Amino acid sequence: MDQQTREFLDNLHSTNPDQRYTAFQHVIAVTQQRVDWSYHVWDELITMLRNGDNHQRSIAAQVLSNLAKSDPEKRMLQDMDDIIIVTKDVKFVTARHSLQSLWKIAIASKELQEKVLDILSKRFSECVVEKNATLIRYDILEVFKKTYDVVGDEKIKELSLALIEKEQDPKYRKKYSGLWKGAFKSAGKI
């Protein structure tokens with residue numbers, strides 16, 4: 001890891017919001033590709049997930065999601081539970097950013113894809129009692145769509161359709177279907 005990236009990683013802990021955001025943008029950009037230093041920061045990011053403030057929890061979840069592609073030891077299979085906890089954070093913005101990044105984990109391997117799809121399928125049903133259930137459901141379906149766009153697994157499309165059909169409110173069913181409009185039309189589903 002170069003010195004500049006190490007400094008940006010250190011600045012993820014900054015209490016200065018501008019400095020922290022600049023660092024976050026840099027780290028996210030660098031981790032769009034595989035990196036060879038993921039394990040040099042992995043435990044530090046897990047600690048941020050567990051003990052950081054809401055900004056740090058969100059940052060850690062998003063950076064770890066990006067690092068899933070740089071995880072040959074498959075640590076994410078065990079550590080993903082820590083990220084999932086943050087997707088239910090008391091600060092909804094933190095929870096939402098964390099949830100929206102899960103597609104990057106799902107595309108890293110078939111094992112992770114299955115784990116993300118399983119967890120989020122259950123969450124889709126369970127979140128109905130939560131304050132922001134419709135946004136959570138939308139985000140879950142968006143994670144599925146982004147995953148599908150990369151891996152092209154038809155099972156993801158069918159799972160999404162099945163979840164959309166569970167929605168009782170026609171207004172929200174239509175909104176959720178909008179994410180998949182082209183994909184479902186081509187399959188003759190909508």
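In this predicted model, the buried residues of helix α2 are covered by parts of the structure that include α1 (3-11) and α4 (54-67). The residues concerned are Arg20, Ala23, Phe24, Val27 and Ile28, which are buried in α2. Around the helix axis they cover an arc of only 130 degrees, and therefore they lie on the same side of α2. An α-helix has 3.6 residues a turn, so residues three or four places apart point the same way.

Helix α2 itself runs over residues 17-30 and has 14 residues. From its first C-alpha to its last, α2 reaches 20 Å, close to the 20 Å expected at 1.5 Å a residue. The N-terminal end of α2 is capped by Asn16. In this cap, a side-chain oxygen of Asn16 lies 2.9 Å from the backbone nitrogen of Asp18.

The packing of α2 against α4 was then examined. The two helices meet at an angle of about 10 degrees, and their axes are 10 Å apart. Because angles under 35 degrees count as roughly parallel, α2 is described as roughly parallel to α4. On the α2 side, the contact is made by Arg20, Phe24, Val27 and Ile28. On the α4 side, the contact is made by His55, Ile59, Gln62, Val63 and Asn66.

Ile28, a residue of α2, illustrates this packing. Its relative accessible area is 15%, and because buried means under 20%, Ile28 counts as buried. With neighbours within four places in sequence left aside, Ile28 is in contact with Gln62, Val63 and Asn66. These three residues are among those of α4 that make the contact with α2. Glu154, by comparison, is 126 residues from Ile28 in sequence, and the two C-alpha atoms are 29 Å apart in space.

A second buried residue, Ser65, is found in helix α4. The relative accessible area of Ser65 is 0%, and this residue is buried. Two polar partners of the Ser65 side chain can be named. The side chain reaches the backbone oxygen of Ala61 at 2.9 Å, and it makes a polar contact with the side chain of Ser101 at 3.0 Å. When neighbours within four places in sequence are left aside, the residues in contact with Ser65 are Ile83, Ser101, Leu102, Lys104 and Ile105. Ser101 thus appears in this list of contacts and also as the side-chain partner in the polar contact.

Technical notes:
Residues are numbered from 1 along each chain as its sequence is written. This is a predicted model: local features need pLDDT of at least 70, side-chain atom pairs count only at pLDDT 80 or more; totals for chains, interfaces and linings use all residues. Side-chain values use heavy atoms; hydrogens and water are left out. Helices (H or I, at least four residues) and strands (E, at least two) are DSSP runs, numbered from the N terminus. The expected span of a helix is 1.5 Å times one less than its number of residues. Buried means under 20% relative accessible area, exposed over 50%, partly exposed in between (1.4 Å probe, protein chains only). The arc is that of the directions from the helix axis to the C-beta atoms. Contact means heavy atoms within 4.5 Å. A polar contact is a pair of N or O atoms within 3.5 Å; within protein, one must be able to donate a hydrogen and the other to accept it, and residues adjacent in sequence count only if both atoms are side-chain atoms. Axes are lines fitted to C-alpha atoms, for helices over the stretch in contact, and angles run from 0 to 180 degrees between N-to-C directions. Angles under 35 degrees count as roughly parallel, over 145 as roughly antiparallel, 65 to 115 as roughly perpendicular and the rest as oblique.
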